[in-house]
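Colleague: I would like to learn how to read a model of this kind, feature by feature. Could we start with a single loop residue and work outward?

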Amino acid sequence: MTQPILELKNIHSGYGSIKALKGVSIRVMPGEVVAIIGANGAGKSTTLMTICGIIAAEQGEVWYDGRMINKVSPEKLPTLGLCQVPEGRRIFPRLSVEENLILGAFYRNDTEAIAKDIQHAYEMFPILGERCNQEGGTLSGGEQQMLAIARALMTKPKVLLLDEPSLGLAPIIVQQIFDIIERINKEDGTTILLVEQNANLALQAAARGYVMETGEISLEDDADALLNNPKIREAYLGE
Amino acid sequence: MEYFIQQLINGLTLGGMYALIALGYTMVYGVIQLINFAHGEFFAAGGYIGAIVLAYFAGVGYMESHPIICLTASFMIAMAYCAYLAIGVEKIAYKPLRKQSRLSALLSALGMSIFLSNGMMLTQGVYDAIYPSELFQGRFDFGMISVSYLQVTIVTLTAALLVGLNILVFKTKIGMAMRATAQDKTMSALVAISSNRIISLTFAIGAGLAASAGIMYGLYYGSVKYDMGFVPGIKAFAAAVLGGIGNITGAMLGGLIIGMVEIFGAGYISGEYKDVFAFIILIAVLYFKPTGIMGENIDDTRV
Ligand SMILES: Nc1ncnc2c1ncn2[C@@H]1O[C@H](COP(=O)(O)OP(=O)(O)OP(=O)(O)O)[C@@H](O)[C@H]1O
Ligand SMILES: [Mg+2]
C-alpha cells in the first residue's frame, strides 16, 4: 500500500491564545488533488501555514515524503519539494515579474534549466512574458495569481499547496487558473492540496475533500460524494 | 570659480564617505525596520583597523615599497573585520529582540553603540591613532585647481564601491533575495530564502562599507579616534533619511548632498557651523517630507 506523501496527524496550532486548529488530521496521497473547504476563519490558511512551518504546531505531527517535518525550518521545505502559493498571492511587489520567477528558483543552481523553466512559464502564461519587466505589484489580480503559481512551479514542487487561487477573480480567469492546476497535476504529476471557499469549484477539481469547521475537520469524503451531500450543498454550495 | 570647483571636489570626497555610511543605515532599515544606532561604530572600528594594519606595514618597512598593496590589505582586513563584527552584534543584540517591540531593539542598538565605543576607548586609548601621512602625497594641478592623489583615490574607490553595491543589489540573485526579504519575509521563506542569512548579509555589507569609509576618513584627516563614529554617524543617518530611509539610491544621493552642503556651508557661510547643516536638513526633511527625496512615490530602488 502506498504511503501518503503528506499527512497531518492531530495538529493543534494557533496564534498565541487563539487556538485556530484543534486536532486536524489530513492525508494526501501522491498524485492526488485534495480540497479543503470551509467558511471564513475555519482555519484553512492556518493549516497550510502550519504545514510549511511558518506557524509552529503546538501538538501533533506533520509528515512529508517519509519524514516528520515539524522541526524542519520553513525555508528548507521548498528545497524538498513542498511549496505553497499563499492566500493573497504575495507577489514581491517591487520586483519585476521575471525577478519573482527567478526567486522561485532561489535554491537551484542549474542555470540553464532555470532559464528553460522561465520560458516554459511564459508559454503557460503568455501575459507574464509580455509583462516580464513590469513590477509584480502593478499586475492585475489574475495576473498576480498566475505569477504566484508560476513562481511556485519554479521551485519544482512535488506537493503544491494552493490557498484560495480563485479569490477575487473574474469567472473566466478562475477557469483559466483551474485549467492550469489540472494541467500541473496531470502532466507533471504534482500532488495538489487545494484550499477554497468556492466549494463547488474545488470539489470539481479534486478527487477527495475535507470540510473544515472552526479548527476541526467535520467531514471527509470523495469529492463527488461531498458534492451530492445535501448538508454540504446547503452549507457551502448555497442551496 | 576655482574656489567653487575646489569645494565641489571636497564635497564629493566627504559626501562619498557619508554615502558609504548611510547605505548601512538604509539597508538595515529596509530589511528589518531598525535604525542601527551602533552603525557609526563600525565606521570608527574600520578606521582603527586601518590604522593598525597600516602602522604594522609601516613598521616592517613594507609601506614605502608597496603602498598600494598595503592600502588594499588594510581595506580588505578592516571591511572583513567589521562585517563579522556586525554579524555578531546583530545576533547578540538584535536577533533575540526581533519579535519584541521596535523600541526594545532601538534601545539595544543605543546600548550596543555605547558598548562598542567604550570598547574601542579601552583597547585603543583615548588619543588619536595617527594615519601615515606619506601616502599619496602628490597632487594633480589644473591651473588654479589642485586635487591630491589621495582625493582622487578616495573618490574613485567610493565610486567603485557604490557601483559594486548597485550591481549586487539590483542585478544578482542574492540582491533580489535581499529585496524580497525586505518586502515579505514569510513569502521569502516560502521560496527557500533564509531571512536570517539575508539579515546577516545586510549587516555585513553595511558595516563593510562603513569600515571602508572609516579608513578613507583616517587617510583624509590624518587620524582616527574612538568616538569618531558619532557625528559622521548622525550625519550619514541624516543622509539616509534625506534620501528616503530604506532606499539605496536615496542614501547615495543623500550622502552626497549632505557632504556638499557641509563643505559649501563651511566655505561660504561659516566654518563654525559646519556640523549644524546636516541637522538642519534632517529636521527639515522630517518636518516637510518624512519620506525623503526617493521615498514612497519614486520608489523602485528601495531594498
Ligand atoms: N495572524 C493572526 N493572529 C491572530 N489570529 C489569527 C491570525 N490569522 C488568523 N487568525 C485566526 O485564526 C482563525 C483561522 O484563520 P484562518 O486564516 O486560518 O482561516 P481561513 O479558513 O483561512 O479563513 P478565510 O477563508 O477567511 O481565509 C480565525 O479565527 C482567525 O481569526
Ligand atoms: Mg484563508
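Modeller: This is a predicted model. We begin with A:D65, which is partly exposed because its relative accessible area is 39%, and the class between buried and exposed runs from 20% to 50%.

Colleague: Where does A:D65 lie?

Modeller: A:D65 is in the loop between β4 (59–64) and β5 (67–68) of chain A.

Colleague: What is the sign of phi at A:D65?

Modeller: The general idea comes first: most residues other than glycine have a negative phi. A:D65 is not a glycine, yet its phi is positive, at about 50°.

Colleague: Which loop holds A:T214?

Modeller: A:T214 sits in the loop between β9 (208–213) and β10 (216–222) of chain A. Its phi is near 35°, again a positive value in a residue other than glycine.

Colleague: Is A:T214 buried or exposed?

Modeller: A:T214 counts as exposed, with a relative accessibility of 54%. The cut-off for that class is over 50%.

Colleague: Which residue takes a positive phi just after α1(A)?

Modeller: That is A:G53, with a phi of about 75°. The helix before it, α1 of chain A, covers residues 44–51, and 7 of its 8 residues are buried, so the helix is largely enclosed by the rest of the structure. The buried ones are A:K44, A:T46, A:T47, A:L48, A:M49, A:T50 and A:I51.

Colleague: How many residues of helix α3 of chain A are buried?

Modeller: Helix α3 (residues 97–104) of chain A has 7 of its 8 residues buried, and is mostly covered. Those residues are A:V97, A:E99, A:N100, A:L101, A:I102, A:L103 and A:G104.

Colleague: Burial needs a partner. What do the buried residues of α3(A) pack against?

Modeller: Within chain A they pack against α4 (111–124), α5 (126–130) and α6 (141–153). From chain B, α6 (149–171) and α7 (173–183) also take part in the packing.

Colleague: Now the domains. How is chain A divided?

Modeller: Domain 1 of chain A consists of 1–81 + 157–239, and domain 2 is 82–156. The contact between them takes 29 residues from domain 1 and 21 residues from domain 2. Their centres, taken over C-alpha atoms, are separated by 22 Å.

Colleague: What does the radius of gyration say about chain A?

Modeller: The idea is to set the value beside that of a compact globule with as many residues. For 239 residues such a globule would have a radius of gyration near 18 Å, and the 17 Å of chain A agrees with this. The C-alpha atoms of chain A fill a box of roughly 45 × 40 × 40 Å along the principal axes. The chain contains 10 helices and 10 strands, and 53% of its residues are buried.

Colleague: What are the corresponding values for chain B?

Modeller: Chain B has 12 helices and 4 strands. Its radius of gyration is 19 Å, close to the 19 Å from the globule rule for 303 residues, so chain B is as compact as a globular protein of that length. Its C-alpha box is roughly 60 × 45 × 35 Å, and 55% of its residues count as buried.

Colleague: How much of each accessible surface belongs to carbon and sulfur atoms?

Modeller: In chain B the share is 69% of about 13,100 Å². In chain A it is 50% of about 10,500 Å².

Colleague: How far apart are the mean positions of the positive and negative charges?

Modeller: For chain B, with 16 positive and 15 negative charges, the mean positions are 15 Å apart. For chain A, with 22 positive and 31 negative charges, the distance is 5 Å.

Colleague: Let us finish with single residues of chain B. Is B:A51 buried or exposed?

Modeller: B:A51 is buried, with a relative accessible area of 6%, and lies in helix α2 (residues 39–59) of chain B. Leaving aside neighbours within four places in sequence, B:A51 is in contact with B:A129, B:Y131 and B:V224.

Colleague: And which residues does B:Q151 touch?

Modeller: Not counting residues up to four places away in sequence, B:Q151 touches B:I9, B:N10, B:T13 and B:Y220. B:Q151 is found in helix α6 of chain B, and at 4% relative accessible area B:Q151 is buried.

Notes:
Residues numbered from 1 in each chain as written. Chains lettered and ligands numbered in written order. Predicted model: local features only at pLDDT ≥ 70, side-chain atom pairs only at ≥ 80, totals over all residues. Heavy atoms only, no water. Helix = DSSP H or I, 4+ residues; strand = E, 2+ residues; numbered from the N terminus. Rg over C-alpha atoms; globule rule 2.2 N^0.38 Å. Buried < 20%, exposed > 50% of the residue type's maximum accessible area, 1.4 Å probe, protein only. Areas by Shrake-Rupley, 256 points an atom, 1.4 Å probe, with all protein chains shown as cover. Lys, Arg positive; Asp, Glu negative; His and termini not counted. Charge placed at Lys NZ, Arg CZ, Asp CG, Glu CD. Domains from an automatic or database assignment. Contact = heavy atoms within 4.5 Å.
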